[in-house]
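I opened this notebook to record what I looked up in the structure, chain by chain.

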Amino acid sequence: MMARFGGVVVAGGVLALSVATLGEATAYGPDYQVPLHQPTPITAAGFGEHSAQCGSIPDTEDGWHFVLPDDFTVFVSLTVTFSPGGAQTITSFGPPTDKHAFAGSAPGAVLESASAIVKTETGQTQVLWFNLSHTCPATATATATPTPSGTPTTTPTETPTPTPSGTLTTTATPTVTPTTPASPSPSPPAPAAPAPAPTPVTTTLPVTG
Amino acid sequence: MRGWFPRISRGRPGRVDDRTSAVRPFWVGHVRQAVAAGVVTVAVGAGVLATMFSGSSGSSENAASRIVPPVRVPAAEFAKLRRATTYTSIPAAPRDPAPFAVTGGLVVRPLTPLVVYAGPGKPPVAVLPATELGGPTWVPVVQSSPGWERVLLPSRPNRATGWIYTAAADRSRLDTRRSTYLVRIKVGARKLSVYHGGRPLGTWTVTVGAPRTPTPTGRTFLLALLAPPHPTYSPLILPLGFHSDTLTTYGGGPGTVGVHGWPNPSVFGRAVSHGCVRVPAAALRVLSLIPLGSLVLITS
């Protein structure tokens with residue numbers, strides 16, 4: 001993971017330098033990495049907050065709208081990993097500002113992970129995470145031509161994926177509940193899906209400071 | 001392929017939703033459904049298990065025949081069993097047989113309260129609730145037996161474990177995942193390291209317990225990720241499954257050992273805490289990404 005973000009950090013640093021020389025004199029602190037606040041996996045259809053439009057994401061794709069939780073921090077880069085679809089790194093943000101980021105995925109794709117490189121104005125408090133504000137489930141059918149093949153097969157995977165079909169439709173809504181094989185075994189019978197990143201709970205517990 | 005390239009968004013600003021609060025976690029619905037389905041572990045006879053696995057291979061049939069069914073727990077007894085939380089003590093819980101071993105990373109989350117047994121076929125000792133400190137319960141698996149998993153418990157005494165029945169009849173009530181993270185804390189060296197997939201993500205100099213209130217050693221786990229509503233010394237606190245061996249209570253709490261930040265960096269590298277591990281902000285940020293239930297190995 002660190003190796004993957006290493007490149008992102010470098011790219012983000014170049015972008016930050018460009019913005020600093022071209023834009024107004026907003027001074028930012030160093031880039032840093034923050035996690036997505038919401039636990040993954042998430043499907044666009046299964047997410048609780050929907051909207052009709054997510055930036056310029058076409059309505060043939062699931063749209064994902066991420067925001068930062070304060071007015072002093074902006075995205076430098078956003079890396080999201082979908083299944084299917086793999087990882088994509090986004091370096092152009094807004095509208096309306098660089099605290100908003102949009103991503104598109106195949107309809108029904110599962111957001112497996114998301115992480116961002118951000119920067120905060122000098123003197124302001126760094127943020128601890130970013131949020132998935134809402135999703136825009138695909139509403140139109142793409143005229144995708146499937147790759148010719150023999151008999152379509154569905155390979156069992158850790159994370160369910162939409163069943164292949166001739167066209168991509170919004171009816172492909174995978175279940176994100178992880179499966180656990182029924183076969184008993186002294187050791188884990190099959191690879192378990194990755195455990196989700198935690199979501200902070202707003203409460204307190206006196207620990208042995 | 002387009003998703004691999006930078007995207008310039010031109011959406012309608014009027015539709016931008018600026019909310020920043022968290023939404024309901026996806027697992028809430030699952031938990032509610034599971035709770036509605038019942039909370040008492042149902043004893044499953046060997047004959048039923050044999051039928052369930054009759055379509056499997058011969059080895060599976062053998063495995064099924066080896067599964068020890070759980071002791072039946074009537075609802076009244078279930079209600080009386082102590083909940084395995086950071087606030088409770090489970091004296092009857094068997095101790096961790098290998099307190100310094102690294103596990104395979106398996107973590108489990110009960111979707112509904114599960115009975116914890118002293119061993120396969122042995123009496124119940126507690127109930128593992130579906131939530132801990134307001135979040136989902138995740139505990140690491142430290143040993144497996146056909147149809148059963150041994151997990152670390154968040155209760156006193158330190159190194160308490162228990163067995164949960166995970167055969168087919170109960171699989172629907174258990175979320176099984178794998179964490180590839182490992183946190184190592186070397187008390188003597190006052191170092192905390194985080195590994196992901198066996199590769200180090202970072203090592204930081206930290207504060208550990210003072211000689212009179214030492215940080216307990218052994219393997220434990222990340223119990224929760226808390227964001228205090230009015231933070232004083234740290235924006236995040238990560239309670240562990242361990243408790244102080246010298247303090248039965250601390251600050252009104254049960255003496256839970258935690259990992260958290262500290263505003264004064266001069267404490268890092270010193271043994272001055274009451275058992276908690278104080279870490280720099282960079283370490284706290286990395287730790288906040290690690291799944292709950294992930295193993296924390298504390299050595300002297």
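The entries below go from confidence to chain A, then to the cores and a sheet of chain B.

**Conventions.** I note that the model is predicted, that local features need pLDDT of at least 70, that side-chain atom pairs count only at pLDDT 80 or more, and that totals for chains, interfaces and linings use all residues. Residues are numbered from 1 along each chain as its sequence is written, while chains are lettered from A and ligands numbered from 1 in the order in which they are written.

**Confidence in chain A.** I looked up pLDDT (the predictor's confidence in each residue, from 0 to 100) and found a mean of 69 for chain A, with 64% of its residues at 70 or more. Among the elements of chain A (DSSP runs numbered from the N terminus, helices being H or I of at least four residues and strands E of at least two), strand 3 (residues 62-67) has the highest mean pLDDT, 92, and helix 1 (residues 2-22) the lowest, 42. The pLDDT is below 50 over residues 1-23 of chain A, and it also stays under 50 over residues 143-188 of chain A. I remind myself that predicted coordinates should not be read in detail where pLDDT is low.

**Make-up of chain A.** I find 1 helix and 9 strands in chain A, with the helix ahead of the strands in the pattern α-β-β-β-β-β-β-β-β-β. Of the 209 residues in chain A, 44% are buried, a term that asks for 20 or more other C-beta atoms within 10 Å of the residue's own, with C-beta atoms placed from the backbone.

**A:Ser77.** I located A:Ser77 in strand 4 (residues 73-83) of chain A. Why does A:Ser77 count as buried? A:Ser77 counts as buried because it has 27 C-beta neighbours inside 10 Å. A:Thr89 lies 12 residues from A:Ser77 in sequence, and their C-alpha atoms are 6.7 Å apart.

**Cores.** I then turned to the largest nonpolar core (buried Ala, Val, Leu, Ile, Met, Phe, Trp, Tyr and Cys residues joined through C-beta atoms within 7 Å), which has 72 residues, and in which B:Val116, B:Leu153, B:Leu287 and B:Val296 touch the most other members. This core lies between domain 1 (42-52 + 68-178) and domain 2 (181-299) of chain B, because both give residues to it; the domain bounds come from an automatic or database domain assignment.

**A sheet in chain B.** I found an open sheet of 3 strands in the order 15-16-18, with mixed pairing, where strands pair if DSSP finds at least two bridges between them. Strand 15 (237-243) and strand 18 (277-278) of chain B are the edge strands. Strands 15 and 16 (residues 256-260) of chain B run antiparallel and are joined by 4 bridges, and B:Thr256 is the bridge partner of B:His243.

Note on methods:
Buried ≥ 20, exposed ≤ 12 C-beta atoms within 10 Å, placed from the backbone. Contact = placed C-beta atoms within 7 Å.
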